[in-house]
Amino acid sequence: MTDVAIRELVLKVHSRCDLACDHCYVYRHADQSWRRMPPLISEVTLRQVVRRLCEYVREERLPQLAVILHGGEPLLAGPARLRSICAELTRALAPTTDLDLHIHTNGVRLNRAHLEVFREFDVKVGLSLDGDRAANDRHRLDHRGRSSYERVLRGLELLRLPEYRHLFQGLLCTVDVAGDPVLVHDALIGLDPPRIDYLLPHATWDAPPPPGRPGASTPYADWLLEVFDRWEEQGRPVPVRTFDSILSTLRGGPPLTEALGATDDGIAVVDTDGTLTRSDSLKIAYDGAPATGYDVFRHGFREFTERAEAPVRRGGISETCRRCPVLATCGGGLVAHRYSTGRGFDNPSVYCTDLRALIEGIAERITDRSLAPAVTSAGELERARLRLDRALLAGVNAKLAGRAGWDEAWSLLVRLDSDETTAPHLDAVVSHPYLRPSLIRSWDGTADLPRFMAVAAAAALRAGVEATLRWEQPSPLIHLPTLGTVRLSRPGQVEFRVGKGDFRVRGGEPSAGTDDSPPALHSWRPLTSLSLAHGPRLLIDDADPGRDCFSAVVTPLLDPGTLDAFRSRLRNAYGLLDQREPGWWQSVNAPAATTITPLTAGAGLRLGACGSGALGVAVDIEPEEFVRELPRLGRRGRLAALREVVDLHLPGSPAGPLLDLASEYVGRAARPSPEAGPARILADRVLRDLAGLPPRELTENGTYVADELRAEWTALHD
């Protein structure tokens, strides 16, 4: 059983297809349930699906639900029927959740009538194509044995027209190692898709994949690595979901595809007769593998998620997989690919050796082994992190270019950057740790225009440069990073005028036919800071919307008395640290915090997930606890900062956690306390484990850090 909420519903609107692809999981594998399905979903079944979905969205309070129109070939339903399906789904669900409509098609019948329906309801279109004509026609022929290639290209030409281009979701290509990988990839890239997804052909241990090139032990990995090399050579012109998922998980991020590490628990399938099943890919295992015995006429979606047995429970990974060093990235592969008659799904993937070779091949390719200045110099590390933030900001510009008000803001940022007297002020804003989450989200998704308009305003205000910026502000609060918070009388169109050391805010004209007054400046609350006997001032930020990046609760805005008491605690804590460890700030592991955020009582000291520049401190922190914990956080923060800008080891290598443990234990051993003795023993053990790793696991950067730790540990015995 599973109680994971449905995030994606596959709705079968037609159960037949106009192609006869020989690798199709619906028609050419073990499960033949399509033969019992009505060709077209009925009005009665659709209404019941929608009713059940409405119930489920309300019960679970789902903020978003993706519905994928599928088949068979969904375009066989015809434009009129597809329109009525989209209209029914939108009418019922759009008022209560963010409905995200998609359709997956072979593209053979795609025409303007379909695309007008999809434009009306903002239906994103994913399309299957296996590369160039030769590669595509090896498998994707119609029932008369004719090529589908030209017909698909005609549909694609329409989809790529300016009026429909925003609906184009991407291309899905099933790998055939008999084809030339570079020709296939270049053919797909030449169609200018927004995304490509390469899929391994469906196979199990009972029905193995087609053999590869003679003598190749990992033919599918070899093929995909050639594509990866070409993609890299081209500058990664479009996202490739298979590669992006591997790159994400190798760096500790989430899996991005069901085929590599992601579970399919959040997916439900409704067939044309209303039956509820698991992921369609299970059809390759055995007849009835996706079946659950549930349907929308007798059961709701909550009952389905709570009671319907999944073929593999969450976390159900074979013992072979549990011992594998690439498990975090591979995830055991697609569940269906693990099946065998004797052991069910308790196997590694039938593509196990290929998946490992692919992951390790990509890990090696993306690892820079040369020694970087950031490892040997704290100043170089700070500059490297700033370069990363600047690169992320350039990505924001690519996302926001052309949006109302942004081009003026970007021109202002470029002007500030080009003047050596104002550039440091821009750097201070861009490197503010609580801006980092917004920068990263913009890289992967949609940039928050008001947030970055406020960034431009803050940089200009700090630099004392005159500027006027206008934008639509969705909330009454405008937070200027590193400076403070503007409160408006209400949201709306604002004009932000910056002078030398001052600013004014006024609203735009009220909308025609309304009595609403334009937004006006209600109040200004500047941030405060803390001066230390050494180094720059530390900003105390209890207001930035990005500060909620700690594994503890941040406080709301502090009143003046509480804020003064907090600053006094911090001053006493740093004073005690100066007494106990004079010159601590000169250590290579000294905390690089630029910004402190108050946390709720009892939270202690925390590093922020937003970067080593952020330090969370409980409002009731005791100086003794501060002195004890800050050096530990400094060590962790340095390793975290280094990992942002250099490669210490192969991604996914056991060297990563060993470096963390070695740094932690050496740090504990270096401080007088009852735990120092046990920490020395543990540090010795972990450093030996590090030394015993194959040389390729550590880069020169990682070797430098490991040698630093060994030297520090050795000095403890002298």
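Okay, quick definition before anything else: two strands pair if DSSP finds at least two bridges between them. Keep that in your head, and remember that what you see on the screen is a predicted model.

Let's start with Glu472, which stands opposite Gln493 in strand 13. Strand 13 covers residues 492–498, and 7 bridges join strand 10 to strand 13, the two running antiparallel. That ladder belongs to an open sheet of 3 strands, ordered 10-13-14, with antiparallel pairing. Which strands sit at the edges here? Strand 10, at 467–473, and strand 14, at 503–507, and each of them pairs on one side only. If you ignore direction, neighbours in this sheet are turned by 20 degrees against each other on average.

Now, what packs on that sheet? Helix 18, residues 449–463, and it touches strand 10, strand 13 and strand 14. The direction of helix 18 makes about 160 degrees with that of strand 10.

Helix 18 also has a helical partner, so to speak: helix 16, residues 423–430, packs with helix 18 at an angle of about 140 degrees, and their axes are 8 Å apart. How do we label that angle? Over 145 would count as roughly antiparallel, and so helix 16 and helix 18 come out as oblique to each other. As for handedness, helix 16 passes helix 18 in a right-handed crossing.

If you want to pick out the side chains yourselves, select His425, Leu426, Ala428 and Val429 on the helix 16 side. Those meet Val455, Ala458, Ala459, Arg462 and Ala463 in helix 18. By class, the residues of this contact split into 7 nonpolar, 1 polar and 1 charged.

Right, on to the other sheet. This one is an open sheet of 9 strands with mixed pairing, and the order reads 6-5-4-3-2-1-7-8-9. Strand 6, at 196–199, and strand 9, at 291–295, are the edges; each has a single partner strand, so one side of each has no neighbour in the sheet. The average turn between neighbouring strands here is 25 degrees, again with direction ignored.

Let me zoom in on one pair. Strand 3, residues 98–105, is joined to strand 4, residues 124–128, by 4 bridges, and the two run parallel. In that region, His104 stands opposite Gly126 in strand 4.

And this sheet has a helix on it as well: helix 5, residues 149–159, touches strand 4 and strand 5, the latter being 168–174. Its direction makes about 155 degrees with that of strand 4.

That's my bit, thanks.

Notes:
Residues are numbered from 1 along each chain as its sequence is written. This is a predicted model: local features need pLDDT of at least 70, side-chain atom pairs count only at pLDDT 80 or more; totals for chains, interfaces and linings use all residues. Side-chain values use heavy atoms; hydrogens and water are left out. Axes are lines fitted to C-alpha atoms, for helices over the stretch in contact, and angles run from 0 to 180 degrees between N-to-C directions. Contact means heavy atoms within 4.5 Å. Angles under 35 degrees count as roughly parallel, over 145 as roughly antiparallel, 65 to 115 as roughly perpendicular and the rest as oblique. A crossing is left-handed if the near helix is turned anticlockwise from the far one by less than a right angle, and right-handed if clockwise. Ala, Val, Leu, Ile, Met, Phe, Trp, Tyr, Cys and Pro count as nonpolar, Asp, Glu, Lys and Arg as charged, and the others, Gly among them, as polar.
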